[in-house]
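Colleague: Could we go through this chain together? I should like to begin with its overall dimensions and then turn to the interior.

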Amino acid sequence: MSVRIDTLNNVPEHVERLARWHHSEWGDLMAPWSLDDARRELQTHLDGGFPATFVALSDNNELLGSASLIAEDAPELIEYGPWLASVIVQPAWRGRGLGRRLVEAVIEHARLCRFEKLYLFTDGSGRLYESLGWQQLERRALPHAAVTIMVKPL
């Protein structure tokens, strides 16, 4: 089975499912971020510019994963941006390079938008991102977790 990377604006029928995934994965970390907030945020990604969400899709259009390029990822980190955010891959599809492909799609889009740097924060995947060329910038305590902020010059 082949997998393609596309933009969410080309497959808007996946907004609802993706909003549920995002809220399930990060709702507690970003509280009081609701499912409606996740849905509204993804709706703003449907024009194909910035912000943007990239999705991994199977041959039969099954949603396998996503990654986003956004302006702000947490109000406590307003001094940084833009952000790689919401990188998620269905558990059954992990370990096949989909996360890497999604991250690369976001990086390429950020370059096309003429951004000079891209940031992310993670509460546990720092080594994965280091293997993709990201550099640790700082550790910071957010209200619900301690995170590592990372940067990638573009």
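**Overall form and interior**

Modeller: For a chain of 154 residues, a compact globule would have a radius of gyration near 15 Å, and the chain agrees because its value is 15 Å. Please note that this is a predicted model.

Colleague: What does the C-alpha trace span along its principal axes?

Modeller: The span is about 40 × 30 × 30 Å.

Colleague: And how many helices and strands does the chain have?

Modeller: There are four helices and seven strands. In sequence order they follow the pattern β-α-α-β-β-β-α-β-α-β-β.

Colleague: Turning to the interior, which residues of the largest nonpolar core touch the most other members?

Modeller: Leu84, Leu98, Val103, Val106, Leu118, Tyr129 and Trp134 do, in a core of 23 residues. Two or more residues each come from strands S2 (52–58), S3 (63–70), S4 (83–89) and S5 (117–122), and from helix H3 (98–112). H3 gives the largest share, seven residues.

Colleague: What is leucine 118 in contact with, leaving aside neighbours within four places in sequence?

Modeller: Its partners include Leu69, Leu84, Val106, Ile107, Trp134, Met150 and Leu154. Apart from this core lies another, of 14 residues, among them Ala19, Trp26, Leu57 and Leu63.

Colleague: What share of the chain counts as buried?

Modeller: Of the 154 residues, 46% count as buried. The accessible surface comes to about 7900 Å², with 48% belonging to carbon and sulfur atoms.

Colleague: Lastly, how many positive and negative side chains are there?

Modeller: The chain has 16 positive and 21 negative side chains, and the centres of the two sets lie 6 Å apart.

Terms used
Residues are numbered from 1 along each chain as its sequence is written. This is a predicted model: local features need pLDDT of at least 70, side-chain atom pairs count only at pLDDT 80 or more; totals for chains, interfaces and linings use all residues. Side-chain values use heavy atoms; hydrogens and water are left out. A nonpolar core is a set of buried Ala, Val, Leu, Ile, Met, Phe, Trp, Tyr and Cys residues joined through side-chain atoms within 4.5 Å. Buried means under 20% relative accessible area, exposed over 50%, partly exposed in between (1.4 Å probe, protein chains only). Contact means heavy atoms within 4.5 Å. The radius of gyration is taken over C-alpha atoms; the globule rule is 2.2 Å times the number of residues to the power 0.38. Accessible areas come from the Shrake-Rupley method with a 1.4 Å probe; for residues, only the protein chains shown count as cover. Lys and Arg count as positive and Asp and Glu as negative; His and the chain ends are not counted. The place of a charge is taken as NZ of Lys, CZ of Arg, CG of Asp or CD of Glu.
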